Amino acid sequence: MRITFDGAAGEVTGSMHLLEVNGQRILLDCGLYQGRRADTYERNLNFPWEPASIDCVVLSHAHIDHTGKLPNLVKQGFGGNVWCTAATRNLSAYMLMDSGYIQEKDVEYLNRRRARRGEPPVEPIYTRDDARDTLPLFVSVGEGRPVPIANGVTLTFRNAGHILGSAIVELEIEEFASGKRWRLVFSGDLGRDEIALLRSPAKAREADLLIMESTYGARLHGRYETALRRLREVVCETARRRGKVIIPSFAVGRTQEIVFALNQLDARGDIPEIPVFVDSPLAVNATDVFRMHPESWDTGVQAFLEDGRRRSPFDYPRIEYVREVRRSKQLNHMTEPAIIISASGMAESGRILHHLKNNITRAENTVLFVSFQAQHTLGRRILEGREKVRIFGEEYDVRAEVARINGYSAHADQAELVSWASHFDRERLERVFLVHGEPEGAGALAGKLREQGHGDVVVPELHGSFEF
């Protein structure tokens, strides 16, 4: 048996791990790499092996850095099953189509620049048609239901609590040549016990090999209740100034979490009666999927609904979900206080750019960040306190208040990762591989796990391969 780490090794994006056993190839995740533009295109265009040689794919969840390379895999010859939870299948239908659209638009823009330089055009990594061709390969499996996916390999999904449908992957493996049996656990991305919307991650206890994320292996998050109080303060202060709260937000997961938090505050009477607009077609579609899966909601959501003031965590009298471009443009002419939640979460693309352009120069408004802002993004520049920022090629003075809330991360922090790992039987667990983390995070988490008694902890390099 061999495991090769072909993505998210020493880095956060592009999750892709190859398991080879009994003459078969099983791919754990197939995510897009996100980084410098030149590196990104080449890495996402190519694979380190023939796509047609892959027998099946197992997805941990629907985020694009875990699923977004699938249409290219299919385009280049893969035709096997894509195993996932039902919610991951439903979310991926929207997210992969959206990703295909982005690939098309990015190449249109790039080819205009290449034409001006006399360079030949390039093709998109994949298109919406390629994404559409991928969807029939998805096969959904319920949590806790073992299913054979290859000769000698049985899959079971457990709740990961990261986003809707996210799963911990358990593989029971019998190696025919040696007669050895293994239990391989892949954490995917782990959520937090404090996330108000989704159930807490399941506590796996038995494994021989563990592949574990380390995104926040060197950091601690704020408390959810602290984040809720800060959200109330920002909304109330901005409303007193007769301004708008502009929230750049990831369409899947973070938007639904913020909507539920506002719903709670509104139901208690803790914030003024002002309209809330979710202005992102992908976020609107994703919220529809969240409504379809109440089995994934946390018990706190059930208690909130049972108290009778609300019928849904995502719907209340003052919220409007915006699909039409015309309605989105109308929001720019509103003069009364409002809350606008829009994608993208790092303010690099999408409708949020229009809302920032129209609101960032006014002192009564607030730009509120509720998620991580990567280097070199517009969101990071605003958060760093730049006096001027460039939007659509033009400079704008930053006069709006800039606020940040740290307690809404959907990733487990260092303490939560260490706690989750502590449930494994140390005598049985032979090796831990730390992935999906930059060197600082993975290294810090490795040190904590070794202190806890997990002696053989490895941070694999990209394309690093291990035999058992």
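A residue counts as partly exposed when its relative accessible area lies between the buried limit, under 20%, and the exposed limit, over 50%. R323, with a relative accessible area of 39%, is therefore partly exposed. The model described here is predicted. The points below cover an open sheet of 6 strands, a selection from the 35 salt bridges found in the whole structure, a hairpin formed by strand 7 and strand 8, and 1 cavity of 30 Å³ or more.

**The open sheet**

- Six strands make up an open sheet with parallel pairing, in the order 14-13-15-12-16-19.
- Strand 14 (319-322) and strand 19 (401-404) are the edge strands; each has a single partner strand, so one side of each has no neighbour in the sheet.
- On average, neighbouring strands of this sheet are turned by 20 degrees against each other, with direction ignored.
- Strands of a sheet pair through backbone hydrogen bonds, and the pairing is either parallel or antiparallel.
- At one edge, strand 13 (residues 276-279) pairs with strand 14 in the parallel sense over 4 bridges, and V278 stands opposite Y321 of strand 14.
- At the other edge, strand 16 pairs with strand 19 in the parallel sense, also over 4 bridges. Here L368 is placed opposite A403 of strand 19.
- Strand 16 also pairs with strand 12 in the parallel sense, over 2 bridges. In this pairing V245 faces T366 of strand 16.
- Which residues of strand 16 point one way, and which the other? T366 and L368 point to one side, V367 and F369 point to the other, and all are buried.

**Helix 11 and the loop before it**

- Helix 11 (residues 352-359) lies across four strands: strand 12 (244-248), strand 13, strand 15 (338-342) and strand 16 (366-369).
- The helix runs at about 145 degrees to strand 12.
- S344 sits in the loop between strand 15 and helix 11.
- Is S344 buried or exposed? With a relative accessible area of 18%, S344 is buried, because the limit for buried is under 20%.
- Leaving aside residues up to four places away in sequence, S344 touches P248, S249, S349 and I352.

**Salt bridges around D288**

- D288 forms a salt bridge with R291, and the closest N and O atoms are 2.6 Å apart.
- D288 and R291 are both in helix 8 (residues 281-292); because they are 3 residues apart, about one helical turn separates them.
- D288 also forms a salt bridge with R323, with the closest N and O atoms 2.9 Å apart.
- R323 belongs to the loop between strand 14 and helix 10 (325-330), whereas D288 is in helix 8, so this pair ties together parts that are 35 residues apart in sequence.
- D288 is partly exposed at 26% relative accessibility, R291 is partly exposed at 29%, and R323 is partly exposed at 39%.

**Other salt bridges**

- E416 forms a salt bridge with R192, the closest N and O atoms lying 3.4 Å apart.
- E416 is in helix 13 (residues 414-421) and R192 is in the loop between strand 10 (181-186) and strand 11 (209-213), so the pair ties together parts 224 residues apart in sequence.
- R192 is buried, with a relative accessible area of 4%.
- A network of salt bridges links R2, E20, R25 and E467.

**The hairpin of strands 7 and 8**

- Strand 7 (residues 147-150) and strand 8 (residues 153-159) pair in the antiparallel sense over 3 bridges.
- P148 stands opposite T154 in strand 8.
- This hairpin has 2 residues between its strands, and G152 takes a positive phi near 80 degrees.

**The cavity**

- How many cavities of 30 Å³ or more does the structure hold? There is 1.
- The largest cavity has a volume of about 50 Å³.
- E143, N159, I163, L164, G165, S166, L198, R199 and S296 line the largest cavity.

How values were computed. Residues are numbered from 1 along each chain as its sequence is written. This is a predicted model: local features need pLDDT of at least 70, side-chain atom pairs count only at pLDDT 80 or more; totals for chains, interfaces and linings use all residues. Side-chain values use heavy atoms; hydrogens and water are left out. Two strands pair if DSSP finds at least two bridges between them. Axes are lines fitted to C-alpha atoms, for helices over the stretch in contact, and angles run from 0 to 180 degrees between N-to-C directions. Contact means heavy atoms within 4.5 Å. A salt bridge is a side-chain nitrogen of Lys or Arg within 4 Å of a carboxyl oxygen of Asp or Glu. Buried means under 20% relative accessible area, exposed over 50%, partly exposed in between (1.4 Å probe, protein chains only). On a 1 Å grid over the protein atoms alone, a cavity is a set of points where a 1.4 Å probe fits but cannot get out, and a pocket is an open set with protein on both sides within 12 Å along at least five of seven lines; lining residues have an atom within 4 Å of a point. Grid points are joined across faces, edges and corners, and a volume is the space filled by probe spheres set on the points.
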